[in-house]
Amino acid sequence: MHEDHGISIWFFIGSLLVVYGLIIVIASLPALFSAAAAPHVVMAHLHAGLWWGALMLLLGIFYVVSFWPDKKDHPKHQQ
Amino acid sequence: MMSALFSSLLVLLAPSSGLIHLGWADVLIIVIYFVMVLGIGYYLSRYTKTGDDFFLAGRKMTMWIAGLAFISANLGSLELMGWAASAYQYGILATHWYWIGAIPAMLFLAIVMMPFYYISRTHSVPGYLKLRFGEAARMLSAISFALMTILMSGVNMFSMALVMKVIIGWDINFSIWVSSLTVLVYVALGGLLSAMFNEVLQFVLIWAGALLVPIIGLMEVGGWKGMVARIHENFPHGDYTHLWSTLGHFKDNPMGIQWTGIVFGLGFIISFGYWTTDFLVVQRVLSAKDLRSAKMAPIIGSAFKMFVPFIVILPGLLGLAVMPGLVGQDQAAATGAASYNEILPLMMARYLGPGLLGLGITALIAGFMSGMAGNITAFSTVWTYDIYKPIHFAITGSEVEDKHYVRMGRWATIVGIFVSIGTAYLVEHAASIMDYVQALFSFFIAPLFGTVILGMLWKRATAAGGFWGLLAGTLSSIGMWAWVRLDPRALSIIAGSPDAKAMAEDMYRALWSWLICVAVTIIVSLFTRPKPEAQLVGLVRGCTEIPSEGHLPLVQRPIFWATAVFVVFIILQIIFW
């Protein structure tokens with residue numbers, strides 16, 4: 001996003017990834033402790049929700065921190 | 001209070017009548033998505049004051065924003081689901097629409113055509129035609145584009161609503177109104193700026209929601225080799241996994257097409273026509289902050305486009321491996337069996353658990369909304385600048401202030417959305433309209449490319465040549481389409497073989513209509529008076545000084561990255577030959 005437009009779009013994207021990552025991790029946790037709670041999907045033993053949600057959460061935190069609105073020096077992502 | 005509200009949403013958004021049942025996490029993800037896109041639209045409305053802000057996002061976009069919005073506006077949900085279904089039907093041949101049917105044209109736009117679009121400071125593609133060929137060519141192009149864009153938007157809206165009904169059980173009216181009103185609010189508030197920022201967000205969501213399907217799918221079947229082995233086991237008489245080696249003859253592949261149709265019809269005419277002249281995508285690049293960003297944006301878009309088959313084609317191929325037996329739409333409706341048209345959501349349901357499924361569905365909704373916002377912003381710009389403004393000027397004889405056009409752009413957005421909704425309901429009651437609208441859209445793409453490319457590269461092309469060439473190309477395309485409808489044997493004449501199938505028709509019709517457009521433009525131009533060269537500055541190669549990039553380091557030059565993308569493109573063709 002151009003500096004003229006205030007909060008960076010990457011901050012919005014980071015925030016959304018954090019929220020989504022959290023929701024997916026929380027929704028996937030029960031299957032880790034109880035086989036009965038495992039979703040009825042193929043390859044459920046991979047617990048894809050947990051690691052995908054965690055990945056989104058980490059990526060989201062990276063973007064939120066990097067593009068926090070008060071930061072004076074945003075990374076030069078638009079080079 | 002909040003829990004009661006969420007319970008109501010859960011009942012509304014997660015009915016039990018679809019193929020997929022959504023849980024609380026899925027519904028929460030979908031609801032948060034809608035809140036976020038509306039919030040971005042509201043936040044950006046304060047930055048949208050002038051015509052340039054509303055219609056061209058202030059011409060301040062970075063290459064990344066312009067490039068990702070460029071690709072996202074094309075990545076509609078029907079694009080995602082339609083090509084996943086085509087991959088199930090035709091195998092890896094569907095990838096041609098992402099590779100040879102996109103990459104060379106996007107690179108050509110970046111390196112050859114973008115300087116003229118950008119330096120001319122045009123607001124739109126019809127606007128360029130006005131500068132190069134005069135008012136008649138602009139009006140013909142603008143009216144056809146505005147009409148077709150808005151009708152296509154309605155057709156896509158209905159198709160999306162139908163899919164949501166089949167997959168999740170959502171009411172068709174609910175899907176149509178909620179999604180289109182959301183697009184209406186954020187586009188009317190923030191114009192192209194809001195549309196583009198949301199497209200970047202939607203692009204990320206599409207990848208986040210769809211990427212897991214091919215990853216888990218490949219793990220299930222034992223990698224690429226395991227998938228190919230299973231497909232051969234399920235379909236021993238067909239070749240679904242080779243890109244070029246089956247294109248020697250129309251009869252050798254499930255698509256009924258020959259390599260000339262793919263290379264010249266798709267790879268040259270249709271692809272170049274869409275990627276270099278369809279204002280829906282070109283508008284995103286025109287918003288770039290400088291010429292280098294405008295050239296880099298399609299290159300960035302092409303790099304991502306090259307890998308979209310991973311989330312679209314691969315799920316279709318995996319479907320052939322793990323879910324054989326899916327049937328076409330008509331057979332599915334008659335027998336109650338599952339259709340391959342829903343292969344992408346079916347694969348999502350196969351692999352994605354709670355939360356992930358909501359993310360996958362959000363990816364489809366995001367795809368739909370980015371495509372619709374693309375149509376609506378392009379429509380409002382072409383309507384305001386290329387239809388309303390010249391007519392207003394012709395009647396009143398005076399220019400009005402910029403704010404007037406911003407207001408008109410907002411009204412055009414609102415009217416455009418409601419015409420789209422009306423088209424969606426029209427299609428619901430007369431499904432054949434969908435085929436006609438899609439065919440109509442294809443009539444204009446190939447001839448328009450002929451007109452624009454001659455205008456940019458040939459100084460001698462005249463205003464009369466441009467107009468009559470465009471008209472002749474469009475009418476000949478309509479004529480060939482009608483000929484095949486009246487006499488199906490005509491397809492063998494147009495495509496050059498009695499073995500050609502319907503898919504070959506578009507390719508060869510585009511090729512012929514382009515050739516007719518170019519021939520008529522050249523002949524009429526040679527008999528009419530050209531513009532003086534002084535009037536072609538900034539519009540035509542040979543009359544325009546293109547800023548040199550020689551002073552830039554190699555890695556900052558667009559030509560370097562275009563070459564890199566092209567090399568990867570060639571390698572991919574060889575790997576999957």
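## The interface

About 3,300 Å² is buried between chain B and chain A, and carbon and sulfur atoms give 82% of that area. Three residues, B:Tyr43, B:Lys60 and B:Pro354, supply 14% of the area that chain B buries against chain A. That is more than any other three residues. This is a predicted model.

In terms of contacts, 43 residues of chain B touch 33 residues of chain A. The rule finds zero salt bridges across this interface. Polar contacts do appear: five residue pairs, with both residues at pLDDT 80 or more.

## Which parts of chain B take part

Six helices of chain B each give two or more residues to the side that touches chain A. They are H2 (24-44), H4 (63-74), H9 (172-210), H10 (212-221), H17 (343-351) and H18 (356-396). Helix H2 of chain B gives the most, with nine residues.

## Chain A by itself

Chain A has two helices and zero strands. It counts 79 residues, and 46% of them are buried. Its accessible surface is about 4,200 Å², with 70% belonging to carbon and sulfur atoms.

Now take the contacts in chain A between residues at least 6 apart in sequence. Of these, 63% join residues at least 24 apart.

## How confident is the prediction?

The average pLDDT of chain A is 82, and 82% of its residues score at least 70. Residues 75-79 of chain A are below 50. Beyond near neighbours in sequence, this stretch still has 15 contacts in the model. Where pLDDT is low, predicted coordinates should not be read in detail.

How values were computed
Residues numbered from 1 in each chain as written. Chains lettered and ligands numbered in written order. Predicted model: local features only at pLDDT ≥ 70, side-chain atom pairs only at ≥ 80, totals over all residues. Heavy atoms only, no water. Helix = DSSP H or I, 4+ residues; strand = E, 2+ residues; numbered from the N terminus. Buried < 20%, exposed > 50% of the residue type's maximum accessible area, 1.4 Å probe, protein only. Contact = heavy atoms within 4.5 Å. Areas by Shrake-Rupley, 256 points an atom, 1.4 Å probe, with all protein chains shown as cover. pLDDT = per-residue confidence, 0-100. Buried area = accessible area lost by both parts, 1.4 Å probe. Salt bridge = Lys/Arg side-chain N within 4 Å of Asp/Glu carboxyl O. Polar contact = N/O pair within 3.5 Å; in protein donor to acceptor, adjacent residues only side chain to side chain.
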